[in-house]
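Reader: Before we discuss details, could you put the model in front of us, so that each statement can be checked against the atoms?

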Amino acid sequence: MGTIAVELPVPKGTTGLRRRRVVGSLALLLTLLAAVVVSLAVGARGLGPAEVWHGLTAPPDTDRRLTEIRLIVQTVRVPRTVLAVVAGVALGVGGALIQGYTRNPIADTGLLGVNSGASFAVVAVIAVFGFDDPFQYVWFAFLGAAVAGVVVFGLASIGRGAGNPLTLALAGQGVTVFLAAVTTAVALSDQASLNALRFWNAGSVAGVGYGVIWPVSAFIAAGLVLALATLPALNLLNLGEDVARGLGVNIAVSRTVGIVAITLLAGAATAACGPIAFLGLMVAHVARHLTGPDYRWLVPYAGLLGAIVLLVCDIAGRLLVRPGELDAGVVVALLGAPFFAVLVWRGKFKNA
Amino acid sequence: MNGAEVKPGGATPADVRPVALAPGVRFGRVSFVWRPWMVCVTLLLGAATFLVFCLSIGVGDFPIGLPQVVATILGRGEQVDEFVIMDLRMPRALIGVVVGVALGVAGAITQSVARNPLASPDILGITGGAGAVAVFLVTVTGGTTAAVVNSVGLSGAALAGGLGTGLLVYFLAWRRGVDGFRLILIGISVSAVMEAITTWLLVQADIRDVARAQAWLIGSLDNRSWDDIRVALWCTLVLVAVVAGAAFQFKPLHLGDEVAAGLGVRYTRVRAVLLLCGVLLAGVAVSAAGPVPFVALVAPQVAMRLVRCPTPPMVASGMVGALLLTGADLVARTALPITLPVGVVTAVIGGPFLVYLLVRANVR
């Protein structure tokens with residue numbers, strides 16, 4: 001029996017695309033690594049590679065100069081870098097997810113009201129309990145962010161307006177302005193709150209210790225696991241609800257898991273760093289440009305890009321206005337807003 | 001009535017009443033549709049505003065009854081009342097009305113031009129730009145020159161900042177004409193830049209300046225004198241007159257550019273003139289009272305519903321704005337033991353209103 005070898009036609013672009021995606025993610029990882037090294041070295045006091053290495057590895061010793069370097073690296077630069085990476089991944093993944101679930105290219109985690117919810121909670125607990133340590137109020141910020149996020153998402157998904165890009169923007173805007181007003185009212189009557197608010201509001205990855213970073217990272221890790229688990233369903237959802245239902249996706253469950261993941265990611269990042277706008281939106285668009293619409297690739301790319309952009313913005317903030325510092329959130333906004341404007345101008349967003 | 005869907009002025013076809021039912025009135029070259037309901041509602045709004053205005057004047061450490069207030073305003077009051085009312089309380093109440101009218105009309109214009117209920121001056125970046133410039137002045141020049149800045153400079157600079165940002169947004173959004181959706185998105189991004197700058201200025205500044213800037217940033221009518229309101233009053237009157245003139249040309253724009261052109265409207269020019277007036281009105285309002293949130297967004301939407309008009313009505317929007325702001329200021333001064341900035345109250349009213357619009361539009 002002569003067998004006829006049938007070669008299945010492999011779509012020409014597929015292997016190339018796969019290779020490009022793998023190479024691309026390796027390149028992003030290398031870039032991130034380089035950014036981490038630079039972040040450890042650059043600052044009010046520049047350090048050479050050898051000094052950074054010493055600072056990372058040196059045990060407490062008697063040499064005063066080395067101890068000082070160790071102090072700078074281990075208690076200032078490393079936490080700052082770790083937080084930028086963790087928060088960047090969270091905001092990037094959160095941004096890509098929220099754009100996927102709302103099918104809304106303008107969606108940004110800031111739009112969900114998480115920023116205003118977190119600010120309100122921070123100001124309220126400082127005014128009421130007199131907390132002055134971020135470790136104390138980060139939990140309330142997280143709670144506020146989560147509640148605001150769920151409320152906005154809930155409002156935006158009532159009835160038939162759920163699919164409209166402007167619905168989420170409107171709901172987010174309504175809740176944000178309301179909370180911002182109440183926040184201002186509290187802050188104006190309590191100077192300690194006002195002082196905390198203005199620093200927290202700028203969006204900074206500096207000055208937060210491990211006591212905050214570890215728990216926040218745990219929440220973000222949980223959010224990432226949920227996010228990864230929901231990606232196949234998200235791909236199907238983007239074919240349309242009817243198609244997804246036909247292919248066996250439980251839409252309600254998948255949406256809920258998605259919202260929980262987004263809230264964990266954005267809420268935890270915002271609680272630790274303050275509001276950082278445009279980052280999620282920006283990297284989700286770049287990631288989509290690089291990988292195409294497959295969320296199994298798009299979301300990890302967005303996470304890596306988020307970490308790189310936030311870290312680079314933080315480094316740039318340290319260098320731009322020496323001897324002062326620009327907060328990372330301010331640099332991200334200054335970069336992200338023009339980026340957004342260019343997307344608008346090139347007609348990337350369509351009116352529904 | 002519809003927050004979520006983007007239609008001219010936020011109206012759904014069901015709200016558009018058949019025009020043929022309304023009789024027309026013509027004076028020479030000027031003609032308009034006679035709508036008794038609209039006139040009645042607008043007059044009622046005016047009366048309500050006057051009532052709240054008088055109530056607001058009467059409230060304070062030295063309470064004055066409503067009859068005395070009215071008598072004094074009409075020039076037949078007692079000497080003591082006259083001093084308290086005309087010199088101390090009138091400027092504050094009057095600036096509430098002026099700013100309210102300016103914001104209401106500005107909101108009606110921007111919402112009509114962008115054909116989107118979201119398009120208020122807050123979102124188009126005008127207030128954000130004004131805020132950034134004002135905060136720059138307060139924080140960078142610091143307390144030493146604050147006295148000079150306080151009198152004229154702050155208002156003027158805020159006006160320039162608002163106008164500059166409005167023009168920037170308009171030109172950035174220009175691409176073979178201005179599309180409402182693009183205008184809003186560009187506005188959002190420019191606002192974000194202005195907010196980032198404001199935030200950074202606040203981080204750098206001395207905490208006492210920050211409190212001052214923060215109070216200004218939420219919008220407040222505190223401590224106004226006659227000098228403060230003169231400029232705002234005249235600017236608003238002139239601009240509203242221009243808007244009233246241009247509004248005749250504007251109505252057909254809701255039918256679409258082609259139809260408007262067919263009816264003999266030079267639509268690009270009319271739209272540019274009106275938008276400029278809207279930006280200036282918003283700038284005047286912000287320079288007088290700070291970026292009071294939500295009045296420009298809410299007033300036209302409320303006016304549309306009261307007047308039962310498919311597009312934001314200019315005059316009624318101004319009246320609703322005045323009523324809203326005067327009422328909010330009254331609440332801000334009397335509701336709690338401490339005096340709140342008026343912007344806190346308008347936001348507390350406006351946020352839920354926006355959510356209500358959204359939910360109602362969606363469940364219907």
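Reader: What is the order of the elements of chain A from the N terminus on?

Author: This is a predicted model, in which local features need pLDDT of at least 70, side-chain atom pairs count only at pLDDT 80 or more, and totals for chains, interfaces and linings use all residues. Residues are numbered from 1 along each chain as its sequence is written, chains are lettered from A and ligands numbered from 1 in the order in which they are written, and side-chain values use heavy atoms, with hydrogens and water left out. Helices (H or I, at least four residues) and strands (E, at least two) are DSSP runs numbered from the N terminus, and chain A has 13 helices and zero strands. From the N terminus on, the elements of chain A therefore read α-α-α-α-α-α-α-α-α-α-α-α-α.

Reader: What percentage of the residues in chain A is buried?

Author: Buried means under 20% relative accessible area, exposed over 50%, and partly exposed in between, with a 1.4 Å probe and protein chains only. Of the 352 residues in chain A, the buried share is 53%.

Reader: Among contacts in chain A between residues at least 6 apart in sequence, what percentage joins residues at least 24 apart?

Author: A contact here means heavy atoms within 4.5 Å. For chain A, among contacts between residues at least 6 apart in sequence, the share that joins residues at least 24 apart is 74%.

Reader: Which residues are linked with A:R80 in a network of salt bridges?

Author: A salt bridge is a side-chain nitrogen of Lys or Arg within 4 Å of a carboxyl oxygen of Asp or Glu, and the whole structure holds six of them over all chains. One of these joins A:R80 to A:E325 at 3.1 Å between the closest N and O atoms, and this pair links distant parts of the chain, from helix α3 (residues 64–102) to the loop between α12 (295–320) and α13 (328–345), 245 residues apart. Another joins A:R318 to A:D314 at 3.0 Å, both in helix α12 of chain A and four residues apart, about one turn of the helix. The network thus links A:R80 with A:D314, A:R318 and A:E325.

Reader: Is A:E325 in that network buried or partly exposed?

Author: A:R80 is buried at 8% relative accessible area, while A:R318 has 4% and A:D314 has 1%, so these two count as buried as well. A:E325, with a relative accessible area of 34%, is partly exposed.

Reader: Which side chain of opposite charge is nearest to A:R21?

Author: A:R21 lies in helix α1 (residues 12–41) of chain A, and, leaving aside neighbours within four places in sequence, A:R21 is in contact with A:T291, A:D294, A:W297 and A:Y301. Lys and Arg count as positive and Asp and Glu as negative, with His and the chain ends not counted. A:D294 is itself buried at 14% and meets A:R296 in a salt bridge of 3.0 Å, N to O. A:R21 is buried yet has no salt bridge, and at 4.2 Å the nearest side chain of opposite charge is A:D294.

Reader: What is phi of A:F278, and why does the value deserve attention?

Author: Most residues other than glycine have a negative phi. A:F278 sits in the loop between α10 (251–273) and α11 (279–291) of chain A, and counts as buried because its relative accessibility is 8%. Its phi is positive in a residue other than glycine, near 75 degrees.

Reader: Which residues of chain B does A:A333 touch?

Author: A:A333 is in helix α13 of chain A and counts as buried at 8% relative accessibility. Not counting residues up to four places away in sequence, A:A333 touches A:F278 and A:P338 and, in chain B, B:A192, B:V193 and B:A196.

Reader: Which element gives the largest share of the lining of the second largest cavity?

Author: On a 1 Å grid over the protein atoms alone, a cavity is a set of points where a 1.4 Å probe fits but cannot get out, and lining residues have an atom within 4 Å of a point; points are joined across faces, edges and corners, and a volume is the space filled by probe spheres set on the points. There are four cavities of 30 Å³ or more, and the second largest holds about 60 Å³. The elements that give two or more residues to its lining are α5 (146–172) and α10 (267–289) of chain B. The largest share, three residues, comes from α5(B).

Terms used: On a 1 Å grid over the protein atoms alone, a cavity is a set of points where a 1.4 Å probe fits but cannot get out, and a pocket is an open set with protein on both sides within 12 Å along at least five of seven lines; lining residues have an atom within 4 Å of a point.
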